[in-house]
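Let's take a walk through this one, beginning with the ligand and moving on to the aromatic rings.

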Amino acid sequence: MQTETDTQVLAALLDWYREMGADTAVAESTVNWLERGDAAPGHTFRLPESEARARPEAEARAPETRARPAAGPSQSVDSPKNSAPPRASFQAPQAAPRFDARPPFSATPPDAAEIAARTAAGKAESLEQLEAALRTFDGCGLKATAKNLCFYRGAARARLMIVGEAPGREEDLEGKPFVGRAGQLLDKMLAALSLSEADVHITNVVYWRPPGNRTPTPQESQVCRPFLERQMELVEPDVVLLLGGAAAKQVLDVAEGIMRIRGKWREIKSGQRTVKTMATLHPAYLLRTPAAKRHAWRDLLAVEAALGKTS
Ligand code: URA
């Protein structure tokens, strides 16, 4: 019989899973990953015959679940990885899952996907067309596990374009970038510069939520890149603000960490134009590390000054 304590422990365990980013059910049966043995983590598992028969082929393939737990953007320093789950007594499944060598989610090989992305993005003459192209684009594996496409929030044309890392849970549910806690802080940061959503164009380097809020892989970012480049050409910003290390690395093609590259102006080509870019700390990091807000504030003042000069 399940006691009240059991219920509390199970509720705490579920809360912990959610905190870690494991908030998406990818299959109806649980899988004991510890029984994977020596199989490489990218390999998929097969669902029990009965369940696989009941589901369409594409759906029956489990997406990649070797994600890092939700640590927010990549400059995380106090990752919740160290915290232990609440204890609960639950049993391992009777039958061990069987593994095979099929790749997870049969995405097109990156090269072909990138070429397809460039072709599709290049044809778009407006943001509406770019969004339509993204909706039909199947070359990014993240689409398989995301609920919604998160294209952009704010103005279609804006002098300030803001690029984050990837949609999180709230963003995935709403289909818009930066609507969760980090987004609320971002809005406050912008308000401090007397800017509102109507003055800026906000997006991410990938358009779909990575499972468990992990950092997008270089391949996932790369395949979305032609869309981001075209988006920038269509938005025609004067200044691009990059939030966090993942966005900075992807857009600036640099290997250094965010602490080294933040606060410095760099120029990038966008179509025929040259655009000023600055990387700063990600709002999710600032939520965890309030002492770092002074760095972000300094960067924002530099952005404000640059916008003032180019108006
Ligand atoms: N973090 C991001 O990088 N992007 C979002 O849209 C939300 C959180």
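**Around the ligand**

Gly164, Glu165, Ala166, Pro167, Glu171, Pro177, Phe178, Asn204 and His282 surround the ligand. Keep in mind that this is a predicted model. Sorted by character, that shell has four nonpolar, three polar and two charged residues.

Now for the polar contacts. A polar backbone atom of Glu165 lies 2.8 Å from an oxygen atom of the ligand, and a polar backbone atom of Phe178 is likewise 2.8 Å from a ligand oxygen atom. Ala166 joins in with a polar backbone atom 3.0 Å from a nitrogen atom of the ligand. As for cover, the ligand has 240 Å² of accessible area on its own, and the protein covers 91% of that.

**Over to the rings**

If you count ring centres within 6.5 Å as pairs, you get five aromatic pairs. Take Phe151 and Tyr152: their ring centres are 5.3 Å apart and their planes meet at 75°, so this pair is edge-to-face. Phe151 has a relative accessibility of 3%, so it counts as buried, while Tyr152, at 21%, is partly exposed.

Tyr207 and Trp208 also make an edge-to-face pair, with 6.3 Å from centre to centre and 80° between the planes. Both Tyr207 and Trp208 are buried. Put these four together with Phe137 and Phe227 and you have one aromatic cluster.

One last ring to look at is that of Trp265: the charged end of Lys276 sits over it, 4.4 Å from the ring centre.

Terms used. Residues are numbered from 1 along each chain as its sequence is written. This is a predicted model: local features need pLDDT of at least 70, side-chain atom pairs count only at pLDDT 80 or more; totals for chains, interfaces and linings use all residues. Side-chain values use heavy atoms; hydrogens and water are left out. Rings of Phe, Tyr and Trp (its six-membered ring) pair if their centres lie within 6.5 Å; planes under 30 degrees apart count as stacked, over 60 as edge-to-face and the rest as tilted. Buried means under 20% relative accessible area, exposed over 50%, partly exposed in between (1.4 Å probe, protein chains only). A charge sits over a ring if NZ of Lys or CZ of Arg is within 6 Å of the ring centre and within 35 degrees of the ring normal. A residue is near a molecule or strand if one of its heavy atoms lies within 4 Å of it. A polar contact is a pair of N or O atoms within 3.5 Å; within protein, one must be able to donate a hydrogen and the other to accept it, and residues adjacent in sequence count only if both atoms are side-chain atoms. Accessible areas come from the Shrake-Rupley method with a 1.4 Å probe; for residues, only the protein chains shown count as cover. Ala, Val, Leu, Ile, Met, Phe, Trp, Tyr, Cys and Pro count as nonpolar, Asp, Glu, Lys and Arg as charged, and the others, Gly among them, as polar.
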